[in-house]
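Here's a quick briefing to read with the model open beside you. It goes topic by topic, so feel free to rotate along as you read.

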Amino acid sequence: MTHGTTSAPPVPSNPPRASRRVHRTALIGAASGLLLLGLVPATALAGPVAVVPVHSATVPTTTVGTRQPVTGVSALTAASLVPSPARAYQDKPAVYSTVRDETGRFKTCHAMKATTRPVPCVFGDPKGKVRVLVVGDSHLAQWYSPLRAAADAAGWQLLWFTKTACPAQDVSVRVWRTTARYPECDTWRRNVLKAVAGTSSKWDLILVSGYRDHALVSRSTGGSLRGTAAVREWKIGLTRTLKVLSPKASKVVVLRDTPRQRVDVPKCLTSHPTKLNACTTARSWALPTAYWTVERAAAAALPNGGTLDFADVVCPTSTCPITSGRILMWRDDTHLTRTYSRTLAPIVRTRIAAFL
């Protein structure tokens, strides 16, 4: 389902410093609480809970959380965009950053390829009465900025589990853009699901997502899955994941994947600095329906299942935009820039709150 865009109280993209700071004692308490609740068995974790600060940045003024058609693109040039095409790839969510946890050790809250032991990171209010948990790959991690802003503003407890190129859907995939198997993904996901299943309490909302174009591998034959076979396996894998998570949440919600551009947008803009329309993609190609159809069906089969779709915001017209005002929306062909995602905080909060 797609919820309406009823106005919600504005969510600051940079909450006051006092509300962003989590003291050492609070962090230790949050980590201990998670272990005591059985949410995260000590044997499944790489270390204590880490907290990433909200990073401030200056962004051009733009209308947030509303439909934004491709207007004025012909008048823009690549040189006027923020971030610039040259810097866009580095405009990643802060959750990718290496941070110092309360023990003084450095870690990242977004797991990289070799990681198999989940690192639980708590954002928002560690003692918040509304508890939200997310599981997914980099396509969920790209929503970190608006989700974090919503959690900070609303006082939610937000527990974060994401891993590069590892969807929440219980499927086996190949390492991104290679032919190599990715067993670390299966192990990491299995550990996350085991940890969540072991909790003695429910979450108000569990949000899951994954990049729909992963190269899937048959677990029975080891061969590659394509076309309808891949779509069928995706549904089976999502159903397996939801079966584990559903009993642990008041609502378990599947977030639709973002559009995929035909080109790496920043690279295209480097070649076409004054012709931005040359780097856009038709909505019909960017948002195929097959995977979304089976995701909706898997969620609908649960009494507490739901779906969340921001396609009407990110791609509201027949041609998916690559800019919102002067903001460059894409850091490659499938990921949103942090600068753009931060502008979506109000609508993300509104639509998440509809499930709570």
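In what order do the 3 strands of the open sheet run? The order is β7-β9-β10, with antiparallel pairing. Bear in mind that this is a predicted model. Beyond that sheet, the notes below cover salt bridges, a helix pair and helix α12.

**The open sheet**

- β7 (172-173) and β10 (224-225) sit at the edges of the sheet, and each has a single partner strand, so one side of each is left without a neighbour there.
- β9 covers residues 216-217 and runs antiparallel to β10, with 2 bridges joining the two strands.
- If you want a residue pair to look for, Leu216 has Leu225 of β10 as its bridge partner.

**A salt bridge within α4**

- The structure holds 14 salt bridges, and one of them brings together the side chains of Asp152 and Arg148, at 3.0 Å from N to O.
- Asp152 and Arg148 are 4 residues apart in helix α4 (residues 144-154), which means about one helical turn separates them.
- Both partners are out of the way of solvent by the numbers: Asp152 is buried, and Arg148 is buried too.

**Salt bridges across the chain**

- Asp170 and Arg240 also meet through their side chains in a salt bridge, with an N to O distance of 3.3 Å.
- Asp170 lies in the loop between β6 (157-163) and β7, while Arg240 belongs to helix α6 (residues 227-245), so this pair ties together parts 70 residues apart in sequence.
- The two ends differ in burial class: Asp170 is buried, at a relative accessible area of 17%, whereas Arg240 counts as partly exposed at 30%.
- Asp186 forms a salt bridge with Arg219, and their closest N and O atoms are 3.4 Å apart.
- That pair links distant parts of the chain as well, with Asp186 in helix α5 (residues 183-197) and Arg219 in the loop between β9 and β10, 33 residues apart.
- Here, Asp186 is buried at 15% relative accessible area, and Arg219 is partly exposed at 40% relative accessibility.
- Which residues end up in one network through salt bridges that share partners? They are Asp170, Asp186, Arg189, Arg219, Glu233 and Arg240.

**How α5 meets α6**

- The axes of α5 and α6 come within 9 Å of each other and cross at roughly 25 degrees.
- With that crossing angle, α5 is roughly parallel to α6, because angles under 35 degrees fall in that class.
- On the α5 side, the contact is made by Arg189, Leu193, Val196 and Ala197, and α6 brings in Thr241, Val244 and Leu245.
- Sorted by class, this contact has 5 nonpolar, 1 polar and 1 charged residues.
- Arg189 turns up twice in this briefing, as a member of the salt-bridge network and as part of the α5 contact with α6.

**Helix α12**

- Why can α12 (residues 345-353) be called largely enclosed by the rest of the structure? The reason is that 8 of its 9 residues are buried.
- The buried residues of α12 are Ala345, Pro346, Ile347, Val348, Arg349, Thr350, Arg351 and Ile352.
- Those buried residues pack against α4, β8 (205-208), β13 (305-308), α10 (311-314) and α11 (338-343).
- So α4 is worth a second look, because it holds the Asp152 and Arg148 pair, and α4 is also among the elements that α12 packs against.

Terms used
Residues numbered from 1 in each chain as written. Predicted model: local features only at pLDDT ≥ 70, side-chain atom pairs only at ≥ 80, totals over all residues. Heavy atoms only, no water. Pairing = 2+ DSSP bridges. Salt bridge = Lys/Arg side-chain N within 4 Å of Asp/Glu carboxyl O. Buried < 20%, exposed > 50% of the residue type's maximum accessible area, 1.4 Å probe, protein only. Axes fitted to C-alpha atoms, helices over the stretch in contact; angles between N-to-C directions. Parallel < 35°, antiparallel > 145°, perpendicular 65-115°, else oblique. Contact = heavy atoms within 4.5 Å. Nonpolar A, V, L, I, M, F, W, Y, C, P; charged D, E, K, R; others polar.
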